[in-house]
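Dear colleague,

Please find below the structure that I am handing over to you. A summary of what was found in it follows.

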Amino acid sequence: MFNSKKAFLGTLLIVIFLTSVFMVLFHDSVHAEDAQPKEAVAMITLKQMPEGISPTSLKVKLGTTIVWVNSDPGPVTIKFLDKLGIACKVPVNFHADVWGNYETGAIPEGGTASICFIYKGTYKFEVKRLVEEGGQPGEQIQTGTITAHE
C-alpha cells in the first residue's frame, strides 16, 4: 500500500510539473501569435479652396491606412486616377470596379473614407465638390498623390 501511494504521488508530481511547463510554453506562443503591430494610419483633410487638400502629397509604408476626412460643408467625392488593384483591408466608403479603379460616393461633412495599399507606387487622386461661384453651380476639383513604399 505504501508503494502505491508513493507511485501515485510521484505520478501526480510529474503530471503537475509537465502541465505547468506546457502551460508556460503554450501561454507564450499564444501571446506571440496574438501580438500584432499597431496599424499605421495617415490622415488627409478635405476643405474648400484655398486650403484644399492637406497634405496634397503623402508618402506611406505599404499597409498604412489612409483616412480622408471631409471638414467642409457640402459633400465631396474621391476618385483614384491610377489603378490600385487590391486594397489590403476592406475600404471604407470606396468601391472598386472590376479593373481595380477606386472611387467614393458622396462623403458628407464630417464623413470619412479610407483605403490601404499593398502595391508600391505613386497614385494620383482627385477630390470633387460642388460649389457656387458667382451665383452659378460649379465643380471644384483638386488633386493629390499618395506614394506607397516598403
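The notes below cover the nonpolar core and the salt bridges.

This is a predicted model, in which local features need pLDDT of at least 70 and side-chain atom pairs count only at pLDDT 80 or more, while totals for chains, interfaces and linings use all residues. Residues are numbered from 1 along each chain as its sequence is written, and side-chain values use heavy atoms, with hydrogens and water left out.

The largest nonpolar core (buried Ala, Val, Leu, Ile, Met, Phe, Trp, Tyr and Cys residues joined through side-chain atoms within 4.5 Å) has 24 residues. Trp-68, Phe-80 and Ile-146 have the most contacts inside this core. Contact means heavy atoms within 4.5 Å; leaving out residues up to four places away in sequence, Trp-68 touches, among others, Ile-44, Phe-94, Phe-125 and Ile-146.

Three salt bridges (a side-chain nitrogen of Lys or Arg within 4 Å of a carboxyl oxygen of Asp or Glu) were found in the whole structure. One of them joins the side chains of Asp-72 and Arg-129 at 3.9 Å, N to O. Asp-72 is buried at 13% relative accessible area, and Arg-129 is buried at 2%; buried means under 20%, exposed over 50% and partly exposed in between, with a 1.4 Å probe and protein chains only. A salt bridge also links Lys-120 and Glu-150 (3.2 Å, N to O). Here Lys-120 is exposed at 54%, as is Glu-150 at 65%. In the pair Glu-126 and Lys-128 (3.8 Å, N to O), Glu-126 is buried at 14%, whereas Lys-128 is partly exposed at 28%.

Yours sincerely
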